[in-house]
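Student: I should like to learn how helix crossings and internal cavities are read from a model. Could we work through some cases together?

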Amino acid sequence: MGGHMKRYATWALAIAAAAILLALATTAIADNARLFGLSLLNGLTLAALYFLVASGFTLVFGLMRNVNLAHGSLFLLGGYVGYTVGDASGSWFLALAAGFLATALAGLLLQLLVFQYMEGQDLRQTLVTLGLSIVLADVFLWIWGGEAYQFDPPGWLMGTVGVPGVGKYSGFRLVVLLSAVVIGLALWLFLNRTRIGMMIRAGVDNKRMLSASGVNVQKVFAITFAVGAGLAGFAGVMGGTALSIAPGEDVRYLLASLIVVIVGGMGSIAGAAVGALLIGLAETFGLAYAPTYGVVFTFLIMVAVLAFRPQGLMGRRT
């Protein structure tokens, strides 16, 4: 009986929140439709960038239960390596591939040299990866300096697109949004419709049983970690093109990934998408309409989710 009452209270609160948001959106559109439309597009594209980083984080932290606080450093590593390769070769697509491969290799080494020997030891994983992130931040500063870098995408991606009610909008930001949708669908299909994806989920639920069936669990987990890390590097190049790459971005995107996974639900790709959407929109609309208190909205969402649905919006009850 208590569970039903709590569920009804949650639904009532969600409906009330939706009604308030709808009323605020209607007022904002009536006041300045172009500002609302621009904030909406900026929120969607920022959410897409957060999802690209958080999708890799949800594979490693949410699905495999590895606490990798160096995930933001992988984002920065991918951006820096991509910039170096792109600057030397003149190819943006080569930079994208280099960012993905460099961080995938770094993630593979992390799994083989660190996490393989610390399974289930959350505190040790936290401390070791936190130390690694601090060291890597100084190494990056030593190699690439303190200035901000920005990528130049191919000319056909640098144009603008006419959006009704908004006017001209960056074509590349829409490419980021499309990339996030494609990668999200590919990851969902990989985890739910392929043999390796099913082995990953089975290994997380019952590692011993999967190992007894003849599957090399460490190899499966190493592949998963490499893919998750590679996605962070991919996001580093995309983020460096849409915005910029600079010292401190690792902390920002690590924090964003943590919040997205907490809000969306551990180990859920769909949850990561929903969480990224909520956080991206809250951050953008907060900056547009309440710049002084904009950052508060993100944490209000996290607190509300933890209070009424601790496993996340699309997470499973344990």
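Student: How are α3 and α10 oriented to each other?

Tutor: Angles from 0 to 180 degrees are sorted into classes, and those outside the roughly parallel, perpendicular and antiparallel ranges count as oblique. In this predicted model, the axes of α3 and helix α10 (residues 249-264) cross at roughly 130 degrees and come within 7 Å. That value lies between the limits of 115 and 145 degrees, and α3 and α10 are therefore oblique to each other. Their crossing is right-handed.

Student: Which residues of α3 and α10 make the contact?

Tutor: On the α3 side, the contact is made by His71, Gly72, Ser73, Phe75 and Leu76. On the α10 side, Glu249, Asp250, Tyr253, Leu254 and Ser257 take part. By class, the residues of this contact of α3 with α10 divide into four nonpolar, four polar and two charged.

Student: At what angle do the axes of α3 and α4 cross?

Tutor: Helix α3 (residues 71-89) and helix α4 (residues 92-113) have axes that cross at roughly 140 degrees and come within 7 Å. The pair α3 and α4 is therefore oblique as well, and the crossing is right-handed.

Student: Which residues of α3 meet α4?

Tutor: Leu74, Leu77, Gly78, Val81, Gly82, Val85, Gly86 and Ser89 are the α3 residues in this contact. They meet Leu94, Ala95, Ala98, Gly99, Ala102, Thr103 and Ala106 in α4. The contact of α3 with α4 comprises nine nonpolar, six polar and no charged residues.

Student: How does α4 cross α9?

Tutor: The axes of α4 and helix α9 (residues 217-242) come within 6 Å, with a crossing angle of roughly 145 degrees. The crossing of α4 and α9 is right-handed. Its contact has 18 nonpolar, eight polar and no charged residues.

Student: Let us turn to empty space. How many cavities of 30 Å³ or more does a search of the whole structure find?

Tutor: The general idea is that rolling a probe the size of a water molecule over the atoms shows where empty space is left. Here, the search finds one cavity of 30 Å³ or more. The largest cavity has a volume of about 50 Å³.

Student: Which residues line the largest cavity, and which helix supplies the largest share?

Tutor: The lining consists of Thr45, Leu46, Leu49, Arg173, Val176, Ala242 and Leu243. Helices α2 (33-63) and α6 (171-193) each supply at least two of the lining residues, and the largest share, three residues, comes from α2.

Student: How do the lining residues divide by class?

Tutor: The lining of the largest cavity has five nonpolar residues, one polar and one charged.

Conventions: Residues are numbered from 1 along each chain as its sequence is written. This is a predicted model: local features need pLDDT of at least 70, side-chain atom pairs count only at pLDDT 80 or more; totals for chains, interfaces and linings use all residues. Side-chain values use heavy atoms; hydrogens and water are left out. Helices (H or I, at least four residues) and strands (E, at least two) are DSSP runs, numbered from the N terminus. Angles under 35 degrees count as roughly parallel, over 145 as roughly antiparallel, 65 to 115 as roughly perpendicular and the rest as oblique. A crossing is left-handed if the near helix is turned anticlockwise from the far one by less than a right angle, and right-handed if clockwise. Contact means heavy atoms within 4.5 Å. Ala, Val, Leu, Ile, Met, Phe, Trp, Tyr, Cys and Pro count as nonpolar, Asp, Glu, Lys and Arg as charged, and the others, Gly among them, as polar. On a 1 Å grid over the protein atoms alone, a cavity is a set of points where a 1.4 Å probe fits but cannot get out, and a pocket is an open set with protein on both sides within 12 Å along at least five of seven lines; lining residues have an atom within 4 Å of a point. Grid points are joined across faces, edges and corners, and a volume is the space filled by probe spheres set on the points.
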